[in-house]
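Colleague: I am new to this structure and should be grateful for a close look at a single part of it, the sheet. Please describe how its strands are arranged and what surrounds them.

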Amino acid sequence: MKRDYRLLKKEDYTDTIQNGKTITSKSYVIHYKENSGVNHLRIGVTTSTKTGHAVVRNKVKRQVKAMLDYKVDLTREYDIVIIIKKNFLNFDYQTNSHILYDSLTQIERLLK
């Protein structure tokens, strides 16, 4: 995922989490909100230390970013923060990607 399509500042994360809407699934908590001033999608991926040590957390974040590279419409004008739950490790890659795509489809329907 290119740098332009990522949330980089702490203020962007907190603004999206505090002022946006939330969707919860088995493996993710997804916060989203329409952005102002940016004419494309921005995504931030994070996880807590409950998920595991640094190597595991980085692997999980890389997997989610790889899932997003294939199915995300980057022309939409909103911000997304994906918080990965500890339960993510209980499912395989295909199940987690299916759960993520279902959640993103739900967001698309809500924003229309």
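Modeller: A hairpin is a convenient place to begin. Strand 1, residues 21-24, is joined to strand 2 by 4 bridges, and the two strands run antiparallel. They form a hairpin, with 3 residues between them. Within this pairing, lysine 21 has tyrosine 32 of strand 2 standing opposite. The model discussed here is a predicted one.

The hairpin belongs to a wider arrangement. The sheet is open and is formed by 4 strands in the order 1-2-4-3, with mixed pairing. Its edge strands are strand 1 and strand 3, each of which pairs on one side only. On average, neighbouring strands of the sheet are turned by 20° against each other, direction ignored.

From strand 2 one passes to strand 4. These two strands pair over 7 bridges in the antiparallel sense. Two positions illustrate this pairing: valine 29 stands opposite isoleucine 83 of strand 4, and histidine 31 has valine 81 of strand 4 as its bridge partner. Strand 4 is itself mostly covered, as 6 of its 7 residues are buried.

On the other side of strand 4 comes strand 3, one of the edge strands. Strand 3 and strand 4 are paired in the parallel sense, over 6 bridges. Here glycine 44 stands opposite valine 81 of strand 4, while threonine 46 has isoleucine 83 of strand 4 as its bridge partner. Valine 81 of strand 4 is thus matched with histidine 31 and with glycine 44. Likewise, isoleucine 83 of strand 4 is matched with valine 29 and with threonine 46. Although strand 3 is an edge strand, it is mostly covered, with 5 of its 6 residues buried. Between strand 3 and strand 4 the chain crosses through helix 2, and this β-α-β crossover is left-handed.

Two helices lie across the sheet's strands. Helix 2 lies across strand 2, strand 3 and strand 4, and runs at about 150° to strand 3. Helix 3 lies across strand 1, strand 2 and strand 4, and runs at about 25° to strand 2.

The strands and helices also share a nonpolar core. The largest such core has 22 residues, and those touching the most other members are Tyr28, Val64, Leu68, Ile80, Ile82, Leu100 and Ile107. Two or more residues are contributed by each of strand 2, strand 3, helix 2 (54-71), strand 4 (78-84) and helix 3 (93-111). Helix 3 provides the largest share of this core, 6 residues. As for isoleucine 107, its contacts beyond four places in sequence are with Ile23, Ile30, Tyr32 and Tyr78.

Two residues of the sheet merit individual attention. The first to consider is histidine 31, which is placed in strand 2, residues 28-34. Is histidine 31 buried or exposed? Histidine 31 counts as buried because its relative accessible area is 10%, and the limit for that term is under 20%. Its side chain makes a polar contact of 3.0 Å with the side chain of threonine 22. Beyond its neighbours within four places in sequence, histidine 31 is in contact with Thr16, Ile17, Lys21, Thr22, Asp79, Ile80, Val81 and Ile83. Its C-alpha atom is separated by 9.6 Å from that of isoleucine 107, although the two residues are 76 residues apart along the chain.

The other residue is arginine 42, found in strand 3, which spans residues 42-47. Arginine 42 is likewise classed as buried because its relative accessible area is 15%, again under 20%. Which side chains make polar contacts with the side chain of arginine 42? One is that of aspartate 12, at 3.5 Å, and another is that of aspartate 79, at 2.9 Å. With residues up to four places away in sequence not counted, arginine 42 touches Asp4, Tyr5, Arg6, Leu7, Asp12, Asn35, Tyr78, Asp79 and Ile80. Asp79 and Ile80 thus appear among the contacts of arginine 42 and also among those of histidine 31.

Methods. Residues numbered from 1 in each chain as written. Predicted model: local features only at pLDDT ≥ 70, side-chain atom pairs only at ≥ 80, totals over all residues. Heavy atoms only, no water. Buried < 20%, exposed > 50% of the residue type's maximum accessible area, 1.4 Å probe, protein only. Polar contact = N/O pair within 3.5 Å; in protein donor to acceptor, adjacent residues only side chain to side chain. Contact = heavy atoms within 4.5 Å. Core = buried A, V, L, I, M, F, W, Y, C linked by side-chain atoms within 4.5 Å. Pairing = 2+ DSSP bridges. Axes fitted to C-alpha atoms, helices over the stretch in contact; angles between N-to-C directions. Right-handed = clockwise from strand over helix to strand, strands pointing away.
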